[in-house]
Structure formats: C-alpha cells, structure tokens
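Subject: Structure handover

Hello,

I am passing this structure on to you. Please open it and keep it beside you while you read.

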Amino acid sequence: MQLSEQEIVRREKLSKLRKLGINPYPAALYPVDATSKSIKDDFEEGKKVVVSGRLMSRRIQGKASFAELQDSEGRIQVYFNRDEICPGDDKMHYNEVYKKLLDIGDIIGIEGELFTTQVGEKTVMVKNFSLLSKALRPLPLPKVDADGKVFDEFNDPELRYRQRYVDLVVNPSVKETFIKRTKITNSIREFYNDRGYLEVETPILQPIPGGAAARPFLTHHNALNIPLYLRIANELYLKRLIVGGFDGVYEFSKDFRNEGMDRTHNPEFTVMELYVAYKDYNWMMETTEQLLEKIALDANGSTKVTVGDNEIEFKAPYARVPILEAIKIHTGHDVAGMDETQLREVAQKLDIEVDETMGVGKLIDEIFGEKCEHHYVQPTFITDYPKEMSPLTKEHRDNPALTERFELMVNGKELANAYSELNDPIDQRERFEEQLKLSEKGDDEAMFIDQDFLRALEYGMPPTSGIGIGIDRLVMLMTNNSSIQEVLFFPQMRPEKKQVELTEEEKIIMDILKPIGEMPLADLKEKAALSGKKWDKSTKNLAKLGLFEVQKTNDGLFASLK
C-alpha cells in the first residue's frame, strides 16, 4: 500500500503516542454526558461537562488554543490552555500530545467547564482530554480564503457516494438528508400503526420472483440445490397474510431489480407496501392523500415542498385522470380498444421506439411514459389502466377492459402504484397465463406463474386494496434531491479503479491526450518529445494498464484513451 506524505507522518505520530504509553484506540467506556447541541440549548456558566467528537479545526497560539469539536449533533468551540490541562511542572500532555501528536480528524474526549468568550461564543474550557481514535487519513476539508471563497470542497459525486463516511463528516447537509429520511419512515409507521395495521417481514430470497414486472437477480442455494431469486416485490406474500386473516399489513421492503441504473434507479431500493382488507382503490386514493400530507408536515413543517424549480403542494385533494384520457390529451390519439398492431403504429407515429416482444400493456406504458408522464408535476392519480398492464388488479366494475388501478405521479415521476386487488383465483390464473405468453415472446420482465399464490387465493381472499410507495423517490421529493444516490447511504457503484502510479514520461503522454481523447499517433509522439526508447516503453505500459490504445484507420494510426 502506497502512502501519502501526510499518511506517513500520521503513522509516525501513532508510533510516538504508543511509546509515550498512550493507547490511540482505547477500549474503555468514555462517560459522555453532553453534546454540542445540549450545551448550547442548556448553557450554564461554569457547568462541568464531558463531551467527545472529532477535532475539526484549531488555532494554536503558544500555550493556548481554540479548536472546534464535531459530534453527532453539530460543532462546539473548545479552549485548550496549557496551565489548565497541565497544572504541574510537567507540560508534556499539552506541549507534545496536543500540539504535536494530535491531528484534524482525530476523535477525542474532553472533560471541561462551560464559559462564554469575550465575543459571546459558548465554549468548553478543557480540563483534561483523551485520545479516543487516531485518524490515519486526513479529512478533505474545504478552505475559505480572505474573500470568503471556498476551495477544495469534497463535492465530487463519485468520491462522495463511494466514501459516504467522509461525506457525512465534512458535508453537514448530507447528514440532514438522512435524518429527514428517518423522519419520513417514522411518519409512515405512525400513520399506519395508529390505524391498527401490522408491520411484518416477508422473504427476500424467493423461489419465484412475483408481484411485479421486472428482471430479477438469480442466486443458488447450495444445501437445497435450488435456484432462488432476490425479491422484486413483496406483494404476493403480503396478500397471503390477508388470506390468513390479517386485516391490514405493511412492510418496508428491500427489493432488487437487475436493470439499468440512472438518477432515479438503483438495483437495490426500498418500497413500502400496504394491504388492507375490505377496501378498494378509491379508499386507497383518499388514504394516500392523508398520508402524504402528514409526511410533508412531519418532514418539512409544510404541505408545500420545493423540488427543483417547482413548488409541490401535497395538501389533498389530488387530481384524478384516467390513463387513456391522459394519452388522448397529450398525444391526440385515442388508443382505447386498440390492438397490438394499431398501438405499434401509434408509437411509431410518435417516434417511440418499440419492439416485437411488447404486448398491448407494454406499448401503452411506453406511450404514456414518453409523452404524458412528465406533464404531471403536482400530485395526480393516473387511474383505470387497461387489463393487459395490470395482471394482479381487479377488473374495473364499470368497464371489463380496464382495471381498478392508479399510479400517483409527482414531479413527472411515478411515486406510488395501487390496486383494488384481484381476488378471483380463476381470473388470476388466466392473467398469469397471458404473462407466460409474453415471456415466451421474449419479454424478460413478464411475471412467473406462482402456483402457491394461486392456491392461497383458492382458499379465499377478502376484497382488498394495496399500494406500493417508492421510499427512495419519496425522500428525493421531500429533501429536494434530483438523484437517488443522494438519498441512499451506500448506492451501488462500479468497481473502484485501482490507482496507478505513472512514470513522468507516461504522465506527459496522458496529459497531452486527456483534453482531446484522441489524436494521430505521430502528432502525439512529436508533442511528447521523448526518446525512442522511453516512448516505446511508456506507450507499451500504458496499453498494458488499459489506459491507452492505438487504432489503425483509413487516415493512419490514431492514439486514444480507453
């Protein structure tokens, strides 16, 4: 492992601390009795406190020093005075340990007394301090110049998501996002628990990936010698519990879909699903309005939430628009009753890319997603989906070609999906068989036939309404974040590339190529101005490292970055 100069120095300090008999990673409990927030909220001059946290800044002035300590609730100023810390002749604890062997980022414990500085700053006078954890890497702390300009901020998304532990330390607003996420999930739990619904847990490893149309992750159980799937939804298991006699169940479910990644999709994500017996989708719409109004108030203190350039109003009621009407409004095409061929022709007229594996449901979904979805910024229930789009949904009571389903659109994206649940086992079997035909056509997201779920329905499931709410997208809305990676502690990332140490000659070649990415090989060689031997050695090694390649074209040899 190659260490930076600062990392080498910190390890040397670690060794010196041990030689002084100081354990840089002590095991004993440290008796913290105050936090930065509690000190400020309940400040009392002369009060004795024990606090701990990370050393974030300090200004050493001879025998005195002001510093900042950061704990889980914020920062507090602390004052180190040599004679307070070392009242006797031996000043080593201040002169050596504090001044020379501590670093920014170290976690320390402080026993002290509260006082107010001449400029009115609430401060802890340090009487004694203990090193609780030595930081061997320097924190990437931003710097502010005399004009107030900030430099060296830790704001590169790749680094922030990969090193979230650093991001949380140096960017306080990030921590606020995740605190708010917990408030949101607590608000949902409170809403459902107050209504007597039971929070449950269902399997993540499933023999059949059911409850949604999605491509699953496949694994293998060695002892049973069977394939298993990471769940794409928990719907079918929750419905089994309704069959078993529970009137209302919900679950915060970690789901997994082996699909693309972008600003609103992560292969591992969180969905809250609720199922309540003797209800329908109309009741669920009203209940969802009440829930989101409460969440907005609990998270932000208002039903109005700013999302980008838009102000979203979560106060009920929300607009309700049938999906076929939405398509007619925004495309001018009335697709009601159209077959596959007709829908494919409409999609082509609208310049929507489709393929032969798509059935009626997928085609309508593509048309709505491409041409309509983005128009619905304020919360809107898109209702009454065609039967082909909704294999788990009860047939519409007024139109057998449709189903009693809604999706809640907010800020141009789907936030929730809900049904009057299909509880006719014969109809359900037929719907599953239609999905099987789609699978045979090549649709790798079509549903499997879950024979055990059909058996459960044959024992009788009461009329039920269910909903799934995407928690990650909900948190994005409530925290004004446009990327799902901002609301996941540890989003999925590509494998981290190993840092490669290049020679000076290799750096010259890379520095010439980086701004343009590609250039004639002869021009690159001329600009690099290396001897033949160094040129050959450098280009061969860069190619071996996978950073550089030469391609033969009609115009000659070209060098490019890989």
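Below are notes on two helix pairs and two single residues.

Please bear in mind that this is a predicted model.

**Helices α11 and α12**

Start with α11, residues 340–349, and α12, residues 360–371. Their axes lie 9 Å apart, and the packing angle is about 20°. An angle under 35 degrees counts as roughly parallel, so α11 and α12 are roughly parallel to each other. The crossing of α11 past α12 is left-handed. On the α11 side, the contact uses E340, L343, R344, V346 and A347. On the α12 side, V360, L363, I364 and I367 take part. Sorted by class, this contact holds 7 nonpolar residues and 2 charged ones, with no polar residues.

**Helices α16 and α18**

Next, look at α16 (residues 504–513) and α18 (residues 532–544). Here the angle is about 70°, with the axes 9 Å apart. The range for roughly perpendicular is 65 to 115 degrees, so α16 and α18 are roughly perpendicular to each other. From α16 come E505, E506, I509 and M510. They meet K534, W535, S538, T539, N541 and L542 of α18. The class count for α16 with α18 is 4 nonpolar, 3 polar and 3 charged.

**R231**

Now find R231. It sits in the loop that runs between β11 (226–230) and α8 (235–243). Is R231 buried or exposed? Its relative accessible area is 3%. The cut-off for buried is under 20%, so R231 is buried. Its side chain has two partners to check. One is the backbone oxygen of P203, reached at 3.3 Å. The other is the side chain of S253, joined to that of R231 by a polar contact of 3.0 Å. Setting aside residues up to four places away in sequence, R231 touches T202, P203, I204, Q206, E251, S253, K254, D255 and F256.

**H396**

Last comes H396. This residue is in the loop between β17 (380–383) and β18 (405–410). Its relative accessible area is 11%. That is also a buried residue, because buried means under 20%. Which residues does H396 contact, leaving aside its neighbours within four places in sequence? They are Y281, D384, L402, T403 and E404. With D384 there is a side-chain polar contact of 3.5 Å. For a distance check, try H396 and V243: 153 residues separate them along the chain, and their C-alpha atoms are 22 Å apart.

Best wishes

Conventions:
Residues numbered from 1 in each chain as written. Predicted model: local features only at pLDDT ≥ 70, side-chain atom pairs only at ≥ 80, totals over all residues. Heavy atoms only, no water. Axes fitted to C-alpha atoms, helices over the stretch in contact; angles between N-to-C directions. Helix = DSSP H or I, 4+ residues; strand = E, 2+ residues; numbered from the N terminus. Parallel < 35°, antiparallel > 145°, perpendicular 65-115°, else oblique. Left-handed = near helix turned anticlockwise from the far one by under 90°. Contact = heavy atoms within 4.5 Å. Nonpolar A, V, L, I, M, F, W, Y, C, P; charged D, E, K, R; others polar. Buried < 20%, exposed > 50% of the residue type's maximum accessible area, 1.4 Å probe, protein only. Polar contact = N/O pair within 3.5 Å; in protein donor to acceptor, adjacent residues only side chain to side chain.
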